[in-house]
Amino acid sequence: MTQRTRTREADDDLSEILGDAESGEQAGQGESFRSRTKRRAVNFFSPRYFLLAAVVLTIAMFVGGFVVPFVENIGGLLGLFVAAFALGGLTSESKTLETATGGLVAAGLTLLLGNLTLLAAGGTTVAAIGLGAGFLVAGLGAHFGDDLRDGLTRDL
C-alpha cells in the first residue's frame, strides 16, 4: 500500500464530518432522479458547509473588529481573511464558493448590525462595497488556505 493511499484512508477532514463527501461508489441504475440531482447539487454547493462558514466567518468578523480598536472595519476583514484561510486549509476539497458566500453573509450581518443608521439614510453604495469586500476577502482567504494545504500534502 502506498503512502498516498494510506493518507487518503486516514484522512478524516471537515467534509467527511459534515457528511458532504462522496462515498466513492458510482451511482447505480436504481438511483432515482431526485437523489442523483441532490447528490450533484451538494457536490457543487454544500449547504451545510455554507452555514458553518457563515457562522464561523461572522464570529471572526466581530472578533476582528474588537481586536483592532480604531479601524474596526479593517480588523473585521482581517479576521474574516484569517478564518477563511483556516477553513480553506482544513478541508480536503475546495470549498471556495461556499466560504466566499459565507463571507458575503458575514459582511452583510456585521454591516447591518454595526451601521444601521448609515444604511437607513441611504448608504446602499457603502453596503455594496462592504458586501463585495466580504465576498472577495473570504474567497481569497479560502483559496490561499486551500493552496497551502495542497502544497503541503502533495507528493514530491
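The exchange below goes through the core, two buried helix residues and a surface patch of this predicted model.

The model is predicted, so local features need pLDDT of at least 70 and side-chain atom pairs pLDDT 80 or more, while totals for chains, interfaces and linings use all residues. Residues are numbered from 1 along each chain as its sequence is written, and side-chain values use heavy atoms, without hydrogens and water.

Colleague: Which element gives the most to the largest nonpolar core?

Modeller: A nonpolar core is a set of buried Ala, Val, Leu, Ile, Met, Phe, Trp, Tyr and Cys residues joined through side-chain atoms within 4.5 Å. Buried means under 20% relative accessible area, exposed over 50%, partly exposed in between (1.4 Å probe, protein chains only). The largest core has 13 residues, and α4 (47-67), α5 (72-90), α6 (96-114) and α8 (124-153) each give two or more. With five residues, the top contributor is α4.

Colleague: How are those helices defined?

Modeller: Helices (H or I, at least four residues) and strands (E, at least two) are numbered from the N terminus. Each one is a DSSP run.

Colleague: Is T99 buried or exposed?

Modeller: T99 sits in helix α6. Contact means heavy atoms within 4.5 Å, and beyond four places in sequence T99 touches Y49, A53, L57, A84, L87, A138 and A142. Its relative accessibility is 0%, so T99 counts as buried.

Colleague: Which residue's backbone oxygen lies 2.8 Å from a polar side-chain atom of T99?

Modeller: The partner atom belongs to the backbone, whereas T99 contributes a side-chain atom. The residue is K95.

Colleague: Which residues does G139 contact, leaving aside neighbours within four places in sequence?

Modeller: G139 is in helix α8. At 11% relative accessible area, G139 is buried. Its C-alpha is 8.4 Å from that of F81, across 58 residues of sequence. The contacts are T96 and A100.

Colleague: What is the area of the nonpolar surface patch made by F44, L97, L104, V105, L109 and F135?

Modeller: Patch residues have over 30% relative accessible area and no salt bridge (a Lys or Arg side-chain nitrogen within 4 Å of an Asp or Glu carboxyl oxygen). Nonpolar side chains are joined within 5 Å, like charges within 9 Å. Helix α6 supplies four residues, the largest share. By the Shrake-Rupley method with a 1.4 Å probe, the area is about 510 Å².

Colleague: Is F44 of that patch buried or exposed?

Modeller: F44 lies in helix α3 (residues 33-44). Its relative accessibility is 64%, so F44 counts as exposed.

Technical notes: A polar contact is a pair of N or O atoms within 3.5 Å; within protein, one must be able to donate a hydrogen and the other to accept it, and residues adjacent in sequence count only if both atoms are side-chain atoms.
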